[in-house]
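Trainee: I should like to learn how strands and sheets are read from a model. May we work through an example together?

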Amino acid sequence: MRARLRVHWVALAAVLALAAAASALGATNPVPGSRTGRIVQSIGADNLKPAECAGITLTTLVSGVTGTSGNDLLLGTSAANTMNGSGGNDCILGGGGIDAITGGAGTDVCIGGPGIDTFTTCETTVQ
C-alpha cells in the first residue's frame, strides 16, 4: 500500500513539475500582436454617394451650399437651402426644407428632399 501511495505522489509531483515548466515556457515566449483582423480603408465622397449618382466619380465632400470647381458631393441641411454645385460633375443633396438647387457647369445629379424643391441646370433631378 505504501508503495502505491509513493507512486501516486511521484506521479503527482511529475505532473506538477510539467505544469510549472509549461507555464514558465509560455510566460517567456509571448505571442507578438498581429494586424490580421485589422482593416484600414479611407472613405471619401465617392464612397458616400447615393445610387442615383453612380455614374459620377466624386472627389470632394462639401457640407454647405456652394460646391467647388471639382466633382462634389454637396450636402444641404434640414433647413431651406439655395445650393449651387459650381463647376465639375456634382451630386447635390438638398436635404429637408424647400431648396433651390442649381447644378452649374458639368453633369449634375440634383436630389431634393421632403420639401418642394426647384432645380436649375441639373441633368438629372430626383424630388
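Mentor: Let us begin with a single residue and its strand. This model is predicted, and in it Leu61 lies in strand E1, which covers residues 60-63.

Trainee: Is Leu61 buried or exposed?

Mentor: The label depends on the relative accessible area: under 20% counts as buried, over 50% as exposed, and anything in between as partly exposed. Leu61 has a relative accessible area of 45%, which means that this residue is partly exposed.

Trainee: Which residues form a nonpolar patch with Leu61 on the surface?

Mentor: A residue can join a patch if its relative accessible area is over 30% and it has no salt bridge. Here Leu61 forms a nonpolar surface patch with Ile43 and Leu48, and together they have about 310 Å² of accessible area.

Trainee: To which strand is E1 joined, and by how many bridges?

Mentor: Pairing is assigned when at least two bridges link two strands. E1 is joined by 4 bridges to strand E2, residues 72-75, and the two run parallel. Within this pair, Leu61 has Leu73 of E2 as its bridge partner.

Trainee: Where does the path lead from E2?

Mentor: E2 is joined to strand E4, residues 91-93, through 3 bridges, again in a parallel arrangement. Leu73 has Cys91 as its bridge partner in E4.

Trainee: What is the order of the strands in the sheet that contains them?

Mentor: The order is E1-E2-E4-E6-E8, an open sheet of 5 strands with parallel pairing. E1 and strand E8 (124-126) each have a single partner strand and stand at the edges, so one side of each has no neighbour in the sheet. From one strand to the next, the twist averages 10°.

Trainee: Which strand pairs with E8?

Mentor: Strand E6, residues 109-111, pairs with E8 in the parallel sense over 3 bridges. In this pairing, Cys110 stands opposite Thr125 of E8.

Trainee: Which strands form the open sheet of 3 strands?

Mentor: That open sheet has the order E3-E5-E7, and its pairing is parallel. Its edge strands are strand E3 (82-84) and strand E7 (118-120), each of which pairs on one side only. Neighbouring strands in this sheet are turned against each other by 10° on average, with direction ignored.

Trainee: How many bridges join E5 to E7, and what is the bridge partner of Ile101 in E7?

Mentor: Strand E5, residues 100-102, runs parallel to E7 and is joined to E7 by 3 bridges. The bridge partner of Ile101 in E7 is Phe119.

Conventions:
Residues numbered from 1 in each chain as written. Predicted model: local features only at pLDDT ≥ 70, side-chain atom pairs only at ≥ 80, totals over all residues. Heavy atoms only, no water. Patch = residues over 30% accessible without salt bridge, like charges linked within 9 Å, V, L, I, M, F, W, Y side chains within 5 Å. Areas by Shrake-Rupley, 256 points an atom, 1.4 Å probe, with all protein chains shown as cover. Salt bridge = Lys/Arg side-chain N within 4 Å of Asp/Glu carboxyl O. Buried < 20%, exposed > 50% of the residue type's maximum accessible area, 1.4 Å probe, protein only. Axes fitted to C-alpha atoms, helices over the stretch in contact; angles between N-to-C directions.
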